[in-house]
Each structure stands twice: as C-alpha cells, then as structure tokens.
Amino acid sequence: MAEMGSKGVTAGKIASNVQKKLTRAQEKVLQKLGKADETKDEQFEQCVQNFNKQLTEGTRLQKDLRTYLASVKAMHEASKKLNECLQEVYEPDWPGRDEASKIAENNDLLWMDYHQKLVDQALLTMDTYLGQFPDIKSRIAKRGRKLVDYDSARHHYESLQTAKKKDEAKIAKAEEELIKAQKVFEEMNVDLQEELPSLWNSRVGFYVNTFQSIAGLEENFHKEMSKLNQNLNDVLISLEKQHGSNTFTVKAQPSDNAPAKGNKSPSPPPDGSPAATPEIRVNHEPEPAGAATPGAALPKSPSQPAEASEAAGAQEPGETTASEAASSSLPAVVVETFSATVNGTVESGSGAGRLDLPPGFMFKVQAQHDYTATDTDELQLKAGDVVLVIPFQNPEEQDEGWLMGVKETDWNQHKELEKCRGVFPENFTERVQ
C-alpha cells in the first residue's frame with residue numbers, strides 16, 4: 001500500500017509538472033502574439049544583462065588564466081631541460097660545477113613555487129568566484145518561470161471575473177492560485193533584486209585582488225630568478241678566467257655567395273708594446289731583379305719614406321705607402337707585397353702617400369646591392385656607393401665575409417674615421433680598385 005501511495009504521489013507530481021509546462025508554454029505564446037500582457041521589470045532585466053556580462057568576462061578570465069598557467073609550466077619544463085643540458089656539458093674538472101648544479105636545483109624549485117602560488121592565489125580564487133554563478137543563473141531562470149505562472153494565474157482570474165456567467169467557486173479558487181503564484185514570484189524576485197547588484201559590484205574588488213596577486217607573484221619570481229641568473233653568470237665568468245687560454249671566438253658564417261676569406265691573427269705584441277701589430281696589405285708591382293722578393297714582409301719606419309718607396313715600387317692611386325701607415329700610433333707596420341693583375345695588366349700607378357685617403361687605405365669597392373645596417377657599427381649602403389676599405393683596428397674583431405671601411409662621400413666630407421667608418425658584408429660589393 002505504501003508503495004502504491006508513493007507511486008501515486010510521484011505520478012501526480014509528474015502530471016502536475018507537465019500541466020505547468022503546458023500552461024507556461026500557452027501563456028508565452030499568447031504574450032508573444034500580443035493577446036496577453038506580460039509583467040515587465042526593466043530594472044531587473046538590466047541586472048540580468050549585467051549578470052550575463054559578468055559571467056562571460058569571468059569565464060574568459062578563467063580560461064586565459066589557465067592558459068597562462070599552462071605556459072608557466074611549459075617554461076618550467078624548458079628551463080629544466082636547458083639546465084640539464086648545462087650539467088651534461090659542464091665537465092667534472094671545471095671549477096664551479098657544484099655551484100652550477102645548485103643554481104639549477106634552485107631554479108627548478110623557484111618555478112615550482114611560482115606555479116603553485118599562482119594556482120593557490122589566483123586560479124582557486126577564480127574558481128570560487130565563478131562557483132556562485134550557476135546557482136544564481138538557475139534561480140533567475142526559475143524566477144522567469146514563476147513570473148509566467150503568475151501572469152497565467154492573473155489572466156485566468158481576470159477572465160473568470162469578466163465572464164458573462166460567473167462561477168464564484170472557480171473565481172475564488174483562481175484568486176487563491178493567483179495569490180499563491182504572486183507570493184512565490186515576489187519572494188524570489190526580492191532576493192534576486194538584492195543579490196544581483198551586489199554581485200555586479202563585487203567584480204571590481206575581485207579583478208583588483210586577482211591581478212594584484214598575479215603581478216606581485218610574477219614580480220617576486222623574476223627578482224629571485226634574476227639573482228640565480230647573476231650567480232650563474234658569475235660562475236661562468238670564473239670558468240672563463242681560469243680557462244682563458246682555451247677560449248675562442250665563434251665567427252659568423254658567410255653567405256653561400258661570399259668568397260672564402262681567411263682570418264689573419266695579429267702578431268703577438270713585442271715586450272713592452274701596448275698592443276699587437278696589425279698587418280696592412282699594400283698592393284704593388286713585382287720588384288725588378290735585386291729588389292725585395294714579392295710576398296716578403298718589409299718593416300718600414302716613418303724616417304725612411306724614400307727607401308720604402310723604392311723597395312715597394314710605385315703604388316696605384318688611392319693606396320697609402322707603408323710610411324704613412326707607420327706614421328700612425330701603431331708600433332710597427334708589416335707590409336706584404338704581392339703582384340696583382342687587372343684586365344690582364346700588372347697594376348701600376350703613382351701618387352704614393354696621397355693625403356686625401358684614410359690612413360691604412362687598402363682598396364676600393366663598390367656596392368652592387370643595397371644593404372640595410374642592423375647595428376650601430378655597420379655601414380648603410382646603396383647600390384653604387386664607393387667604399388674605401390681600411391684594416392680593422394683589432395684584426396681579431398674581423399668576421400668571415402665582413403670588411404671595415406668608410407664611404408668615399410663621407411670621407412671626402414668629414415675626414416674623420418671615428419664618425420664615418422663601419423663594417424659591411426663583402427659579398428654585397430665588388431672590388432673596383
């Protein structure tokens with residue numbers, strides 16, 4: 001009997017719910033057709049619009065925060081792999097190995113701590129904030145259904161009152177149902193009218209606290225990470241100093257169409273000399289019999305211009321003599337002689353020691369293509385520009401496929417190397433003299 005009663009109650013409740021749905025659907029159709037008026041509350045509708053906007057913004061913020069956390073985790077993994085690589089290449093007998101290992105360990109811990117604090121102070125707070133929206137959204141929907149019930153009960157009561165043949169019993173029952181529907185609706189409506197504006201205003205404090213937490217955590221993380229990076233830098237500097245004799249410079253690789261060019265290392269400075277002696281190449285004709293052998297290095301002195309001229313032979317216009325190079329602040333000049341042919345003839349010329357060319361001038365080139373400088377020490381070239389090539393102050397700074405020079409127009413105008421000289425890619429130019 002109990003089971004039958006329970007089934008009967010359940011069946012009755014289902015039937016009641018079905019009847020309510022049919023009544024609501026009928027009422028909405030009548031309202032849309034304009035055959036029944038609808039209770040409006042513009043202030044509440046504005047609150048619902050604000051609620052939907054707030055929910056959309058919060059959902060987006062939660063999604064972007066999760067993306068940020070995923071990026072932090074990915075950076076952690078990448079940093080960990082990089083430090084593991086450093087540990088593998090750091091040989092056991094190198095100084096600072098233990099310090100480098102400890103720095104890598106602290107680096108890993110710092111990433112883990114940063115990620116966990118972001119979860120605790122930002123993501124969990126975000127989840128709690130959004131956790132209140134589903135319940136309120138459900139109550140807003142329920143309030144809408146109760147409003148339809150109220151309007152339906154009101155219309156039913158009004159129709160019974162205006163009927164030609166009045167049934168007092170039905171009117172009394174309809175009035176009772178109207179009062180009940182109105183009471184249920186107004187209770188829900190009042191609660192939401194108070195909660196929705198309060199929830200809308202809470203967004204400001206929530207956004208402030210969330211982004212303050214993220215900004216503060218990120219600031220502290222980068223401060224601590226900066227300390228670790230400085231410590232690692234100190235360890236590597238110590239390694240470099242103790243193994244200075246084994247250091248080398250990685251040279252930039254020339255492009256495929258750049259001609260192969262050997263790098264000449266500077267001669268070691270003589271005892272007491274402040275700097276290494278750069279080599280300056282001077283092109284001239286082969287010497288006649290009895291003269292210096294081509295290719296031999298002939299040291300020159302500023303006090304011997306005539307002898308230098310005789311030994312080196314006549315130079316082509318635009319080239320300096322060894323005596324001019326020797327007159328600079330360099331302690332010595334090595335002049336390498338060699339013969340070269342242009343259009344099938346041996347280069348020859350006069351005017352050695354011309355004063356209208358920069359010190360150390362070697363030869364001229366002309367830009368065949370435009371070149372846009374990417375650094376402050378590079379020359380900006382346009383096709384057709386003529387460049388006067390000079391040696392590097394420190395030959396070790398010369399990279400494969402690069403030359404040092406000054407544009408002829410700049411030199412003729414300023415006569416100052418410090419302001420005009422720069423490096424440029426050799427394969428953008430062609431030698432013209």
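**Exercise 1.** Determine which residue of β7 stands opposite Phe363.

*Solution.* Phe363 faces Val389 in β7. The model is predicted, with local features requiring pLDDT of at least 70 and side-chain atom pairs pLDDT 80 or more, while totals for chains, interfaces and linings use all residues. Residues are numbered from 1 along each chain as its sequence is written, and side-chain values use heavy atoms, without hydrogens and water. Next, take the strands concerned: β6 spans residues 363–367 and β7 spans residues 386–390, and the two pair in the antiparallel sense over four bridges. Strands are DSSP runs of E, at least two residues, numbered from the N terminus; two of them pair if DSSP finds at least two bridges between them. Finally, Val365 stands opposite Val387 in β7.

**Exercise 2.** Identify the residue of β8 that stands opposite Val389, and state how many residues of β7 are buried.

*Solution.* β8 (residues 402–407) pairs with β7 in the antiparallel sense, over four bridges. Within this pairing, Val389 stands opposite Gly405. As for burial (under 20% relative accessible area, 1.4 Å probe, protein chains only), four of the five residues of β7 are buried, and the strand is mostly covered.

**Exercise 3.** Establish the strand order of the sheet and explain why β9 and β10 each have one side without a neighbour.

*Solution.* The sheet is open, its five strands running in the order β9-β8-β7-β6-β10 with antiparallel pairing. β9 (422–425) and β10 (429–431) are at the edges with a single partner strand each, so one side of each lacks a neighbour in the sheet.

Definitions and conventions. Buried < 20%, exposed > 50% of the residue type's maximum accessible area, 1.4 Å probe, protein only.
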